[in-house]
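Subject: Structure for you to look at

Hello,

Here is the structure I said I would pass on. Please open it beside this email and follow along as you read.

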Amino acid sequence: MDRGTVGSANRGRLQVEVRTEGRSEVVTPVGELDHHTADLLREPLEHAVEQGRVRLVVDCSGLEFCDSTGLNVLLGARLKAEAAGGGVHLAGMLPVVARVFEITGAEAVFTVHDSLEEALNT
């Protein structure tokens with residue numbers, strides 16, 4: 001498995017790391033995903049799809065907050081990945097973030113895994 005780090009970015013409250021692991025592009029946001037930080041996640045997700053990496057795994061285990069803008073970033077990535085024959089897998093959501101997905105019904109349109117390991121092995 002290729003575990004090399006492709007890149008990372010940091011904008012105060014959110015840090016995003018990206019790496020390729022096997023057939024998946026693993027995107028790990030850490031911190032708060034909101035209106036001010038959404039582009040920091042949107043850009044690597046869109047770049048991955050543009051490069052043909054359409055199986056996106058978002059490791060949410062370090063995501064402490066997600067508002068509607070962050071949710072829309074993930075929904076947009078899902079649409080683009082699926083249009084290219086892939087999908088978005090969410091892994092390791094903390095309860096506070098999982099609640100946003102539950103309240104909005106977004107959990108029904110994503111493949112959600114308890115852990116990153118589970119997401120990578122499916």
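Below are my notes, taken one region at a time.

Please keep in mind that this is a predicted model.

I began with helix α2, which covers residues 68–83. Its 16 residues should span 22 Å at 1.5 Å a residue, and the end C-alpha atoms are 22 Å apart, so the expected and computed values agree. The buried residues in α2 are Gly70, Leu71, Val73, Leu74, Ala77, Arg78 and Ala81. Viewed down the axis of α2, these buried residues fall within an arc of 155°, so they line one face of the helix. It helps to recall that an α-helix has 3.6 residues a turn, so residues three or four places apart point the same way. Ser68, Leu79 and Ala83, on the other side of α2, are exposed. The cover over the buried residues of α2 includes the strands β3, β4, β5 and β6 as well as the helices α1 and α3.

The two ends of α2 are also worth a look. At the N-terminal end, Asp67 acts as a cap: one of its side-chain oxygens lies 3.0 Å from the backbone nitrogen of Thr69. Just after α2 comes Gly85, with a positive phi of about 95°.

Asp67 leads on to Asp34, since the two touch. Asp34 sits in the loop between β3 and α1. Is Asp34 buried or exposed? Its relative accessible area is 8%, and a residue under 20% counts as buried, so Asp34 is buried. Its side chain joins that of Arg13 in a polar contact of 2.4 Å. Not counting residues up to four places away in sequence, Asp34 also touches Phe65 and Thr69.

Next, the nonpolar cores. The largest one has 29 residues, and those touching the most other members are Leu41, Leu45, Leu56, Leu74, Val88, Leu90 and Phe101. At least two residues of this core come from each of β2, β3, α1, β4, β5, α2, β6 and α3. Which element gives the largest share? That is α1, with 6 residues. Leu90 shows how parts of the chain meet: beyond its neighbours within four places in sequence, its contacts include Val58, Leu74, Phe101, Phe110 and Val112. There is also a second, separate core of 6 residues, among them Val26, Ala91, Leu116 and Leu120.

Two of the contacts of Leu90, Phe101 and Phe110, bring me to the aromatic rings. The structure holds 1 aromatic pair. The ring centres of Phe101 and Phe110 are 5.8 Å apart and the planes are at 70°, so the pair is edge-to-face. Phe101 counts as buried at 1% relative accessibility, and Phe110 is buried at 7%.

Last is His89, in strand β6, which runs over residues 87–91. At 13% relative accessibility, His89 counts as buried. Its side chain makes a polar contact of 2.9 Å with the side chain of His113. His89 and Val112 are 23 residues apart in sequence, while their C-alpha atoms are 5.9 Å apart in space. Apart from neighbours within four places in sequence, the contacts of His89 include Arg55, Leu56, Val57, Val58, Thr111, Ala119 and Thr122.

Best wishes

How values were computed: Residues are numbered from 1 along each chain as its sequence is written. This is a predicted model: local features need pLDDT of at least 70, side-chain atom pairs count only at pLDDT 80 or more; totals for chains, interfaces and linings use all residues. Side-chain values use heavy atoms; hydrogens and water are left out. Helices (H or I, at least four residues) and strands (E, at least two) are DSSP runs, numbered from the N terminus. Buried means under 20% relative accessible area, exposed over 50%, partly exposed in between (1.4 Å probe, protein chains only). Contact means heavy atoms within 4.5 Å. A polar contact is a pair of N or O atoms within 3.5 Å; within protein, one must be able to donate a hydrogen and the other to accept it, and residues adjacent in sequence count only if both atoms are side-chain atoms. Rings of Phe, Tyr and Trp (its six-membered ring) pair if their centres lie within 6.5 Å; planes under 30 degrees apart count as stacked, over 60 as edge-to-face and the rest as tilted. The expected span of a helix is 1.5 Å times one less than its number of residues. The arc is that of the directions from the helix axis to the C-beta atoms. A nonpolar core is a set of buried Ala, Val, Leu, Ile, Met, Phe, Trp, Tyr and Cys residues joined through side-chain atoms within 4.5 Å.
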